[in-house]
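Here is a predicted model, to be read through a few of its labels. The turns below ask what each label rests on.

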Amino acid sequence: MQQIIAIGMVPTIALIVVPLAVTNLQTWWQSNHKWVKVMATVTAVDTGQDWKYGERLMRDPWSGDWVAEKTWQLYYTVTAQWTNSQTQHQYVFSDRCWANEMTAIPVVGTTVPIIIHPRNPSRYEIIFKL
């Protein structure tokens, strides 16, 4: 008799515990994966050239091996600064963007949108569609 009661209680407890665990997991996931968009001022723009690797594969004409497609391209290294209005802490962001992926050349003094993680501002992405 006690075994039947114990077997009947397991699904009942599971019906209570599992939804609570899922709710807590969802809350944790949303709080740790919520990104914030800020506007930062461009403070420096440097240019350079480097190999840009594509997603397609092509045959190497010398070895015949399959290699990632690559082209010699111009890039901009954009440095931008943003000040958190609540803490007055300044953050500096820097990233490389390929010239052929941009709609305009970055200029010092303009603003660029940046998506940052509020709990860890070192995790960010500059939106380069200027």
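Q: What makes a residue buried, exposed or partly exposed?
A: Buried means under 20% relative accessible area, exposed means over 50%, and partly exposed is in between.

Q: Why is tyrosine 124 called partly exposed?
A: Its relative accessible area is 28%. Partly exposed is the class between under 20% and over 50%, so tyrosine 124 at 28% is partly exposed.

Q: Why does phenylalanine 93 count as buried?
A: Its relative accessibility is 1%. Buried means under 20%, so phenylalanine 93 belongs in that class.

Q: What makes phenylalanine 93 and tyrosine 124 an edge-to-face aromatic pair?
A: The rings are 4.8 Å centre to centre, with 65° between the planes. Pairing needs centres within 6.5 Å, and edge-to-face needs planes over 60 degrees apart, so both conditions are met.

Q: Why does this pair tie together separate parts of the chain?
A: Phenylalanine 93 lies in strand β3 and tyrosine 124 in strand β5 (residues 120-126), so the pair joins parts that are 31 residues apart in sequence. Both residues also belong to one aromatic cluster with Trp82 and Tyr91.

Q: Why is lysine 52 called buried?
A: Its relative accessible area is 16%, and the limit is under 20%, so lysine 52 is buried. Lysine 52 is in strand β1 (residues 36-59). Leaving aside neighbours within four places in sequence, its contacts include Glu69, Trp98 and Glu101.

Q: How do you know that arginine 96 lies over the face of tyrosine 75?
A: Arginine 96 is at 3.8 Å from the ring centre, and the distance limit is within 6 Å.

Notes: Residues numbered from 1 in each chain as written. Predicted model: local features only at pLDDT ≥ 70, side-chain atom pairs only at ≥ 80, totals over all residues. Heavy atoms only, no water. Helix = DSSP H or I, 4+ residues; strand = E, 2+ residues; numbered from the N terminus. Buried < 20%, exposed > 50% of the residue type's maximum accessible area, 1.4 Å probe, protein only. Contact = heavy atoms within 4.5 Å. Phe/Tyr/Trp six-rings, centres within 6.5 Å; stacked < 30°, edge-to-face > 60°. Lys NZ or Arg CZ within 6 Å of the ring centre and 35° of its normal.
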